[in-house]
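Here is a chain to be read through a series of questions, each answered with a short line of reasoning. Please look over the sequence and the fold before turning to them.

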Amino acid sequence: WQQTRAHDHTLRHQREQLAHYEKSAAAHAAAQSALAAAQNRATAARQHAENAARTCTQAENALTAHLAGRLLREYRAEKDNILRELAYHQRIADLEQQRAQLHDGEPCPLCGATDHPYAQALPARPDDLNARLAALETYLKHAEQLETAYTNAQTALTAARTKQQQAESAAALAAEKARNTAAYAAQLAALQQTHAQTLAARRAILGERDPDSEEA
């Protein structure tokens with residue numbers, strides 16, 4: 001009877017420890033599950049960042065090839081020059097009435113010059129000026145689309161790399177938590193074995209009978 005009571009006391013203590021370790025072991029299982037999920041997210045984020053990097057490189061290469069060694073602002077400056085030249089010719093054409101009143105040797109009422117080269121005939125206007133402008137505008141429109149695509153790709157790449165870093169940090173934390181709780185799983189297994197041995201020893205004395213009832 002005394003041996004059985006001693007075993008029962010040990011078993012109660014072991015059951016309390018088992019309850020504690022079972023919770024910890026459950027936390028370890030949850031930590032392992034969280035780790036697997038975090039690793040999957042990190043892998044997906046890494047793949048997404050790699051895809052974003054490829055897209056960014058492709059967009060940059062497309063823009064570089066289209067610009068053919070020049071800068072986009074150089075093409076815009078060229079367009080501005082053509083527009084200014086067209087405006088210059090248009091202004092001269094718009095002053096037709098005033099030009100008709102100019103006579104050689106007489107001062108111009110606007111500038112005072114006595115030489116009036118455009119009094120009768122307009123300056124020669126390049127025939128391809130409008131064609132060049134139209135072609136340049138089409139070229140610039142496509143270049144600006146490529147530039148926008150490249151800018152968007154850079155933004156997406158930055159965001160993807162940020163998410164990758166966050167996912168990898170979360171995976172590292174999950175791995176640390178799983179390592180910290182792994183010891184509890186081993187302790188639970190060892191305690192379960194000890195508990196089984198104690199229970200077997202107790203049953204060998206009184207079986208399933210209650211020592212208090214035996215005392216009564």
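The questions and answers below concern this predicted model.

Q: How many helices and how many strands are there in the protein?
A: Read along the sequence, the predicted chain follows the pattern α-α-α-α-α. The count for the protein is therefore zero strands and, under the rule that a helix is a run of at least four residues, the number of helices is five.

Q: Are α1 and α4 roughly parallel or roughly antiparallel?
A: The axes of helix α1, residues 2-67, and helix α4, residues 129-206, come within 2 Å of each other and cross at roughly 165°. Because angles over 145 degrees count in this class, the arrangement of α1 with respect to α4 is roughly antiparallel.

Q: Which class of residue, nonpolar, polar or charged, has 43 members in the contact of α1 with α4?
A: The axes of these two helices, α1 and α4, come within 2 Å. By class, their contact has twelve charged residues and 21 polar ones, while the class with 43 residues is nonpolar.

Q: What distance does α1 reach from its first C-alpha to its last?
A: Helix α1 has 66 residues, and at 1.5 Å a residue a span of 98 Å is expected. The model comes close to that expected value, since the expected span is 1.5 Å times one less than the number of residues, and the distance reached by α1 is 96 Å.

Q: Which residue follows α1, and with a phi of positive sign?
A: The residue in question is placed in the loop between α1 and α2, and it is exposed, with a relative accessible area of 56%. Its phi is near 55°, a positive value in a residue other than glycine. The residue that follows α1 is alanine 68.

Q: Is tryptophan 1 buried, partly exposed or exposed?
A: Tryptophan 1 is placed in the segment before α1, and its C-alpha is 7.8 Å from that of leucine 206, although the two are 205 residues apart in sequence. Its relative accessibility is 43%. Because values between 20% and 50% make up the middle class, tryptophan 1 counts as partly exposed.

Q: Which element gives the most residues to the largest nonpolar core?
A: The largest nonpolar core has 20 residues, and those with the most contacts inside it are Leu67 and Ile82. The elements that give two or more residues to this core are α1, α2 (72-94) and α4. With ten residues, the element that gives the most is α4.

Q: Which residues is isoleucine 82 in contact with, leaving aside its neighbours within four places in sequence?
A: Isoleucine 82, together with Leu67, has the most contacts inside the largest nonpolar core. Once neighbours within four places in sequence are left aside, the contacts of isoleucine 82 are Leu129, Arg132, Leu133 and Leu136.

Q: How many residues are in the second, separate core?
A: Besides the largest nonpolar core of 20 residues, there is a second, separate core that includes Ala31, Ala38, Ala42 and Ala178. The number of residues in this second core is ten.

Q: What is the C-alpha separation of alanine 167 and alanine 45?
A: Alanine 167 is found in helix α4 and is buried, with a relative accessible area of 14%. Its contacts, leaving aside neighbours within four places in sequence, are Ala38, Arg41, Ala42 and Ala45. Alanine 167 and alanine 45 are 122 residues apart along the chain, and their C-alpha atoms are separated by 6.9 Å.

Q: Is leucine 188 buried or exposed?
A: Leucine 188 is placed in helix α4, where it is in contact with Leu18, Tyr21, Glu22 and Ala25, leaving aside its neighbours within four places in sequence. The C-alpha atoms of leucine 188 and glutamate 22 are separated by 6.7 Å. At 10% relative accessibility, leucine 188 counts as buried.

Q: How far apart are the C-alpha atoms of aspartate 210 and arginine 5?
A: Aspartate 210 lies in the loop between α4 and α5 (211-215), and it is partly exposed, with a relative accessible area of 38%. Aspartate 210 and arginine 5 are 205 residues apart along the chain, and the separation of their C-alpha atoms is 9.0 Å.

Technical notes. Residues are numbered from 1 along each chain as its sequence is written. This is a predicted model: local features need pLDDT of at least 70, side-chain atom pairs count only at pLDDT 80 or more; totals for chains, interfaces and linings use all residues. Side-chain values use heavy atoms; hydrogens and water are left out. Axes are lines fitted to C-alpha atoms, for helices over the stretch in contact, and angles run from 0 to 180 degrees between N-to-C directions. Angles under 35 degrees count as roughly parallel, over 145 as roughly antiparallel, 65 to 115 as roughly perpendicular and the rest as oblique. Ala, Val, Leu, Ile, Met, Phe, Trp, Tyr, Cys and Pro count as nonpolar, Asp, Glu, Lys and Arg as charged, and the others, Gly among them, as polar. Buried means under 20% relative accessible area, exposed over 50%, partly exposed in between (1.4 Å probe, protein chains only). A nonpolar core is a set of buried Ala, Val, Leu, Ile, Met, Phe, Trp, Tyr and Cys residues joined through side-chain atoms within 4.5 Å. Contact means heavy atoms within 4.5 Å.
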